[in-house]
Amino acid sequence: MSSGRALRRRSTLLAATALAGALTLTACGDGNKAGGGGNTNFVTGSGGISTVAKSERATAPKLEGNGLDGKPLDLARFKGKVVVLNVWGSWCGPCRLEAKYFAKVSEETKDQGVQFLGINTRDAQRDAAVNFEKDFGITYPSFFDPIGKLILRFPKGTLNPQAIPSTVIIDRDGRIAARTLQALDADQLREMVDPIIAEK
């Protein structure tokens with residue numbers, strides 16, 4: 001292969017890699033990505049749910065800002081509860097598919113010490129997101145995070161949300177316990193959260 005052709009091929013590969021990285025958080029797809037590599041301590045099961053052993057969990061980042069209602073919202077105030085953190089956008093098809101299940105399971109588990117919390121992202125105006133919540137009967141709060149700054153607070157090498165939708169489970173000690181990068185139905189969501197609820 002000539003040096004010119006090799007250089008063009010390498011440039012094409014680099015451009016494709018950069019584009020794939022840029023699309024990770026902006027694409028609204030099925031989120032079926034590998035569960036990480038290197039020195040990570042998590043395991044991804046066949047259902048696309050990645051989990052971390054209790055002794056190896058990383059602390060969740062500080063997440064604070066304003067909710068869709070304009071009032072201050074802080075993840076820290078829910079410490080001591082199991083938190084189901086869902087990243088979503090009103091424009092996202094898979095988010096629309098899973099929304100009714102999140103509304104259902106949030107009601108079913110609230111008496112078990114579970115708090116659902118959303119991060120609404122890539123919605124330029126609150127109205128679209130507020131209407132989305134009304135349409136699907138979602139009563140739990142969501143951060144309004146139009147440029148995705150809260151998502152970027154999750155450290156690399158942890159179970160960070162890398163797609164829209166993504167769901168992260170935070171245990172009662174404020175540590176990241178599980179994650180999926182795909183839309184969920186009610187059974188899949190219970191499969192993800194129930195083991196964390198059962199922990200002592």
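Accessible areas here come from the Shrake-Rupley method with a 1.4 Å probe. The structure is a predicted model.

**Exercise 1. Overall description**

State the accessible surface of the protein, the share of its residues that is buried, and the order of its helices and strands.

*Solution.* Step 1: the accessible surface comes to about 10300 Å², and carbon and sulfur atoms hold 53% of it. Step 2: of the 200 residues, 44% are buried. Step 3: the protein contains four helices and nine strands, arranged along the sequence as α-β-β-β-β-β-α-β-α-β-β-β-α. Step 4: among contacts with a separation of 6 or more, 72% are between residues 24 or more positions apart.

**Exercise 2. The two sides of helix 3**

Determine which residues of helix 3 are buried and how they are placed about the helix axis.

*Solution.* Step 1: apply the cut-off, by which a residue is buried under 20% relative accessible area and exposed over 50%. Step 2: the buried residues of helix 3 are Ala129, Phe132 and Glu133. Step 3: viewed down the axis of helix 3, these residues fall within an arc of 95°, so they line one face of the helix. Step 4: Asp127, Lys134 and Asp135 are exposed on the other side of helix 3. Step 5: the cover over the buried residues includes strand 5 (82-88), helix 2 (93-109), strand 6 and strand 7.

**Exercise 3. Backbone geometry around helix 3 and in a later loop**

Identify the backbone features of arginine 122, glycine 137 and proline 165.

*Solution.* Step 1: arginine 122 is located in the loop between strand 6 (114-121) and helix 3 (126-136). Its phi is positive, about 65°, although the residue is not a glycine. With a relative accessible area of 31%, arginine 122 is partly exposed. Step 2: glycine 137 follows helix 3 and has a positive phi near 70°. Step 3: proline 165 belongs to the loop between strand 7 (142-145) and strand 8 (166-170). The peptide bond joining isoleucine 164 and proline 165 is cis, with omega about 5°.

**Exercise 4. The surroundings of valine 105**

Is valine 105 buried or exposed, and which residues does it touch beyond four places in sequence?

*Solution.* Step 1: valine 105 is part of helix 2. Step 2: its relative accessibility is 0%, so valine 105 counts as buried. Step 3: leaving out residues up to four places away in sequence, valine 105 touches Phe116, Ala186, Leu189 and Arg190. Step 4: valine 105 and arginine 190 are 85 residues apart along the chain, while their C-alpha atoms are separated by 7.4 Å.

Methods: Residues are numbered from 1 along each chain as its sequence is written. This is a predicted model: local features need pLDDT of at least 70, side-chain atom pairs count only at pLDDT 80 or more; totals for chains, interfaces and linings use all residues. Side-chain values use heavy atoms; hydrogens and water are left out. Helices (H or I, at least four residues) and strands (E, at least two) are DSSP runs, numbered from the N terminus. Buried means under 20% relative accessible area, exposed over 50%, partly exposed in between (1.4 Å probe, protein chains only). Contact means heavy atoms within 4.5 Å. The arc is that of the directions from the helix axis to the C-beta atoms.
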